[in-house]
Amino acid sequence: MIEPYGANLALEIALAAPERVSSLWLMGCDAGAARAGGPDLAAGLEATPDAIVEFLAEIVVRPADHAASAAFKAMAHRVGAPAGAAQARALASRDDIWSRLGELRMPALILSGDEDPIAPPACGQQLAQAMHHARFELMRDCGHLPALEQPARAAALFRTFLSEPSRHPHCAG
């Protein structure tokens with residue numbers, strides 16, 4: 001199973017140093033441990049990086065969104081196969097952190113695409129319920145990468161989140 005990376009890294013940082021994280025914006029996130037039985041992305045990225053990037057592009061964005069697919073492929077190639085393989089290895093060894101989410105007190109915006117096959121909307125809803133100050137937003141006609149597939153809408157939701165009074169440290173409970 002392919003898993004999200006950036007959001008999981010953000011959660012790990014927030015749990016390790018909550019005093020240094022004022023808020024979280026999480027997209028396509030699953031706080032569970034890596035699932036067994038998926039493809040070995042690290043080995044694939046090392047052996048056939050172009051084929052794996054093509055494979056991932058078909059999963060992380062909706063098939064009809066050719067522009068987002070092209071943008072994803074360009075980003076993946078800029079990151080490069082060695083960095084991608086390192087990320088895949090980190091994901092494959094991550095722990096389940098669902099039980100620790102209640103420790104997080106900072107405001108959080110959780111975005112999920114309604115067509116995300118990697119971290120389905122139910123994961124986002126559960127994440128928002130497990131955290132004290134989280135808000136869940138479902139993005140229609142969207143896959144795993146809301147900021148890439150619907151950048152204007154994702155940015156508008158984030159701007160609104162940043163402007164909310166409850167997001168400011170002196171107001172958070």
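**Gln150.** I began with the contacts of Gln150 in this predicted model, and, leaving aside neighbours within four places in sequence, I found Gln150 in contact with Met139, Arg140, Asp141 and Cys142. I then placed Gln150 in the secondary structure, where it lies in the loop between α7 (146-149) and α8 (151-163). Is Gln150 buried or exposed? Its relative accessible area is 19%, and because buried means under 20%, I entered Gln150 as buried.

**Asp96.** I turned next to another loop residue, Asp96, which is found between α5 and β2. With a relative accessible area of 44%, Asp96 is partly exposed. Which residues does Asp96 contact once its neighbours within four places in sequence are left aside? I noted Ala31, Gly32 and Ala33; of these, Ala31 is 65 residues apart from Asp96 along the chain, yet the two C-alpha atoms are separated by 6.1 Å. I also looked at where the side chain of Asp96 points, and noted that it reaches the backbone nitrogen of Trp98 at 2.9 Å.

**Helix α5.** I checked the length of α5 (residues 81-92) against expectation: at 1.5 Å a residue its 12 residues should span 16 Å, and the end C-alpha atoms are 16 Å apart, which agrees. I listed Gly84, Ala85, Ala88 and Leu91 as buried in this helix. Looking down the axis of α5, I saw the buried residues fall within an arc of 120 degrees, so they line one face of the helix. When I asked what covers these residues, I found α2 (41-47) and α4 (66-79) included in the cover.

**Strand β1.** I compared the two faces of β1 and recorded Leu24 and Leu26 on the covered face, with Trp25 and Met27 on the uncovered one. β1 pairs with β2 in the parallel sense over four bridges, and within this pairing I found Leu26 opposite Ile110 in β2.

**Nonpolar cores.** I then looked up the largest nonpolar core, which has 18 residues, and noted that Leu11, Leu24, Leu26, Leu104, Leu127 and Met131 touch the most other members. At least two residues of this core come from each of α1 (6-16), β1 (24-27), β2 (108-113) and α6 (121-130), and α1 gives the most, with four residues. I followed Leu24 further: not counting residues up to four places away in sequence, Leu24 touches Ala10, Leu11, Ala14, Leu104, Met106, Pro107, Ala108, Leu109, Met131 and Phe161. Apart from the largest core I entered another, of 14 residues, including Ala42, Leu45, Ile52 and Ala68.

Methods:
Residues numbered from 1 in each chain as written. Predicted model: local features only at pLDDT ≥ 70, side-chain atom pairs only at ≥ 80, totals over all residues. Heavy atoms only, no water. Core = buried A, V, L, I, M, F, W, Y, C linked by side-chain atoms within 4.5 Å. Buried < 20%, exposed > 50% of the residue type's maximum accessible area, 1.4 Å probe, protein only. Contact = heavy atoms within 4.5 Å. Expected span 1.5 Å × (residues − 1). Arc of directions from axis to C-beta. Pairing = 2+ DSSP bridges. Polar contact = N/O pair within 3.5 Å; in protein donor to acceptor, adjacent residues only side chain to side chain.
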